[in-house]
Amino acid sequence: MLSILHCIRDQHDSSLVCLAALVCVLTALGMVRLCRQVQWARGSARTGWLTTAGVVAGLGIWATHFIAMLGYDPGFVIGYDLVGTVTSLAIVLVTSIAALVIAARLRSRPGYAIGALLMGGGLATMHYVGMAALEMPALIRWNPGYVLTSAIFAVAPFALVLPLALHGKSMGTGAVAATLMTLAVVLLHFTGMTAISLVPSRAEFSSDTMMSPREMSLWVFVTAACTLGIAATAAMISRRAEIARRTSERLNNERLELIGRRLDMALENMHQGLCLFGADGGLILWNQRFVEMYGLAPQDIRSGMTMAEMARVAIANRAPADELDQRVGRVLHNLEAARNGRTHAPDVSEYDDFIVAVRSRPLPDGGWVSTFDDITEQRKSEARIQHLALHDGLTGLPNRSKFNDLMDRALAIAAHSGERLGVVVLDLDGFKEINDSRGHAAGDEALKTVATMLRGVLLEGEGVARLGGDEFAATILFNETHELADFVDRVASCFEGTATSAAGDFVIKASLGVASYPEDGQDREQLCNNADLAMYRAKDNLGERICYYEKGMDESARHRRQIAADLRGAAGRGELVILYQVQRSLKDECINGYEALLRWQHPVRGLVTPCEFIPIAEETGEIFAIGEWVLREACREAALWPEHQMVAVNLSAVQLGQPNLPEIVAGILVETGLSPRRLELEITETAIIGDKARALHILRKLKSMGVSIAIDDFGTGYSSLDTLNSFPFDKIKIDKSFVTCSDERPQARAIIRAVLALGRSLDVPVLAEGVETRSHVDLLQAEGCDQVQGFLFGRPQSAPSLADRGVTADIA
Ligand code: C2E
Ligand code: CA
Ligand code: CA
């Protein structure tokens with residue numbers, strides 16, 4: 001070691017040694033810097049950086065050696081052999097490049113060892129070939145021990161330099177690599193110089209292939225400058241590239257971070273719960289929504305859990321313990337099916353107040369993602385919509401379409417079990433009046449009250465529905481007839497007495513029609529039609545609120561439908577005829593006038609009485625046209641009679657509801673030229689009761705025109721004194737039923753007497769109808785009756801104007 005130090009001190013120029021060391025350090029730093037670029041460069045750029053690093057290392061090491069050599073002064077160096085010198089440069093260049101490329105490519109211990117051998121070996125070879133190129137009058141003797149040591153010094157450090165330079169990250173490791181490399185170069189050089197001893201001898205030199213020390217120093221310094229220039233330029237390029245790389249790396253990181261943050265945000269704000277599982281079946285990621293959905297605590301769920309573990313924890317929070325195994329089993333089964341691509345449909349699980357749809361999708365990496373959709377609200381609103389579609393919004397009862405469905409099901413049950421099915425169709429009576437007089441809100445309340453009462457009387461297995469308007473239906477499956485009777489009684493009991501609702505008290509009546517399977521119909525439509533028929537029958541019969549379907553009802557309904565059809569346009573076809581029945585004064589028996597009574601000469605059925613067709617005309621609305629026709633014909637006829645004779649025309653209740661009736665009457669009077677004083681309109685009490693205010697309003701208008709108003713059939717309906725009090729009638733007509741049976745029944749006589757007394761006290765003349773016998777006349781005369789009408793004085797006959805001209809009625 002000492003001899004090495006002596007060699008440095010005694011045989012070298014110290015300033016050139018320092019310069020060589022400086023070049024060497026800069027070369028090493030340059031090479032390390034360039035080597036570092038391979039960590040991010042790819043492909044040809046990588047090779048480019050490695051080659052540049054190898055060139056810098058080779059040139060730098062060569063320059064270092066020869067600067068040191070220039071500083072070595074054995075005192076008789078004459079020159080440098082050109083071939084040897086260039087060869088030494090080529091060796092170190094090639095080995096440096098090869099060492100770096102191999103070490104970078106293999107990136108392993110053997111790779112670094114080969115690289116170190118190449119680089120260190122190349123360095124040593126360059127040194128000794130360079131030494132051999134020295135031209136001087138001396139022979140070089142080699143000390144093999146030092147030569148070997150120098151080679152080891154050259155090779156060993158590179159085993160560390162290469163990994164640190166190529167794959168180290170920090171500045172520190174770079175500095176260590178540069179230091180070690182400098183050490184290798186310096187130790188090799190000085191140990192190598194110590195290894196030689198010069199023995200003076202004569203030698204011949206060829207000046208052609210020899211460079212003088214002056215020339216040599218020029219080349220060396222040019223090389224050193226080139227080396228440093230290349231190193232500096234490359235370092236600058238690499239620095240810029242690194243800045244660009246760092247900037248793009250930072251931007252990339254920021255972008256990744258942003259994407260990550262957005263992903264987190266999306267995940268946490270997702271409507272769905274989400275769990276991501278890896279290929280090993282372990283939970284990787286989950287969102288807060290999932291945790292909330294199952295009411296989990298943060299510690300309940302952790303990375304790496306299996307689907308089975310996670311499902312168990314989650315479901316345990318929602319379902320009772322005894323269902324846990326079965327539910328978890330189902331989840332796993334569905335997961336398996338989804339992962340195998342057997343199903344894409346969600347698995348819907350229902351808990352008490354929570355319905356969830358779980359869907360799993362396999363991922364390309366072998367894992368899967370499971371999503372959890374809370375569909376509780378969706379299901380609720382679907383159920384609500386379905387309920388709305390099948391139920392009546394006001395009462396909450398099933399509507400017609402739901403009722404049809406229930407009926408069909410009940411019929412199927414009955415057909416299967418041999419039971420019977422009873423259907424009660426019920427229609428409220430006078431509901432329109434509640435609506436008109438107390439408003440629609442009160443009408444709605446009345447309907448709600450009826451619905452509540454009907455629901456209240458039903459037993460298990462019985463049903464009720466609102467079919468529309470004021471029409472309801474109720475059904476029962478039964479075996480014995482008394483069960484049906486009991487059911488009908490319970491339904492009917494809802495319409496007894498006064499019902500209390502939010503809008504006040506109501507008296508609500510209803511007409512009930514009953515039909516049952518199998519005797520009254522085989523299918524829903526037939527059963528309901530027949531129950532309807534029975535209900536209409538109940539409606540027509542004042543005293544009868546409940547009517548059971550009977551076979552004949554079909555026939556009568558068909559008959560009514562036929563009559564209604566035939567009646568249309570009967571007046572136009574000349575099938576209607578008016579007969580006139582005389583009304584006389586009892587005092588002097590002179591003719592006061594005639595009542596116009598309508599007949600229908602049906603082309604097939606023959607003579608049809610008004611009692612048969614007027615109610616049908618009222619139902620179909622045909623009465624408006626018929627009534628107007630009767631009025632016109634009767635007025636035209638009466639205009640032909642003596643001035644003091646009146647014509648009485650019957651007005652139906654439906655006509656009285658016609659707002660423009662007074663205008664129609666006035667028009668006809670003008671048209672026929674009949675004085676209003678000679679027209680008397682007969683109305684029954686029931687026509688007024690329906691909508692009293694409106695009826696009275698119309699009557700007043702008619703009366704103000706000078707037309708007389710008679711109250712017909714008095715004593716049969718309500719016979720309310722209030723009716724008489726509410727309007728100044730011009731005549732009271734005692735119903736013929738009292739007169740007809742006055743001989744046998746003292747009550748009838750009492751009523752006649754009472755009505756006559758009433759008339760006297762109100763100063764309203766009274767006419768008795770149905771006078772058929774002398775005894776009737778005697779009774780009426782004794783009681784002071786004003787006028788009479790009946791078969792005794794004349795049957796309804798053809799128009800008096802025709803009779804005057806000798807034409808007699810052929811119909812009566
Ligand atoms: P009403 O207004 O009470 O007419 C009197 C009915 O008694 C008539 O029956 C008449 O023929 C009958 N009659 C008259 N005298 C006697 C008698 O001594 N004994 C018996 N048993 N009956 C007698 P008709 O013509 O069959 O009319 C029945 C009902 O038809 C009428 O009862 C009336 O309510 C209605 N009607 C008749 N024509 C019209 C009309 O043009 N318009 C309207 N809306 N109703 C009419
Ligand atoms: Ca009448
Ligand atoms: Ca009458």
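**Group meeting: a nonpolar patch and a calcium site**

Okay, so let's start on the surface: Leu19, Leu22, Val25, Leu26, Leu29 and Phe221 make up a nonpolar patch there, and together they have about 450 Å² of accessible area. Keep in mind that this is a predicted model.

Where does the largest share of that patch come from? From helix 2, residues 14-36, which supplies 5 residues. Leucine 26 sits in helix 2, and leucine 26 is partly exposed, with its relative accessible area at 36%.

Right, on to the metal. Which residues coordinate the calcium ion, ligand 2? You've got Glu595 through OE, Asn650 through OD1, Glu682 through OE and Asp712 through OD, at 2.1 to 2.3 Å. If you like to see the donor residues of ligand 2 as a sequence pattern, the spacing goes E-x54-N-x31-E-x29-D. That site ties together distant parts of the chain: glutamate 595 is in strand 19 (residues 591-602) and aspartate 712 is in strand 23 (residues 708-714), with their positions 117 residues apart.

Now, are those two acids buried or exposed? Glutamate 595 counts as buried because its relative accessibility is 4%, and the cut-off for buried is under 20%. Aspartate 712 comes out at 7%, so aspartate 712 counts as buried as well.

One last thing about aspartate 712, and it's one for anyone setting up the metals: aspartate 712 bridges two calcium ions, ligand 2 and ligand 3. How far apart do the calcium ions lie? The model puts ligand 2 and ligand 3 at 3.9 Å from each other.

Notes
Residues are numbered from 1 along each chain as its sequence is written. Chains are lettered from A and ligands numbered from 1 in the order in which they are written. This is a predicted model: local features need pLDDT of at least 70, side-chain atom pairs count only at pLDDT 80 or more; totals for chains, interfaces and linings use all residues. Side-chain values use heavy atoms; hydrogens and water are left out. Donors are N, O and S atoms within 2.8 Å of the metal (3.2 Å for Na, K and Ca); water is not among the atoms, so sites may look incomplete. Helices (H or I, at least four residues) and strands (E, at least two) are DSSP runs, numbered from the N terminus. Buried means under 20% relative accessible area, exposed over 50%, partly exposed in between (1.4 Å probe, protein chains only). Patches are made of residues with over 30% relative accessible area and no salt bridge: like charges are joined within 9 Å, nonpolar side chains (Val, Leu, Ile, Met, Phe, Trp, Tyr) within 5 Å. Accessible areas come from the Shrake-Rupley method with a 1.4 Å probe; for residues, only the protein chains shown count as cover. A salt bridge is a side-chain nitrogen of Lys or Arg within 4 Å of a carboxyl oxygen of Asp or Glu.
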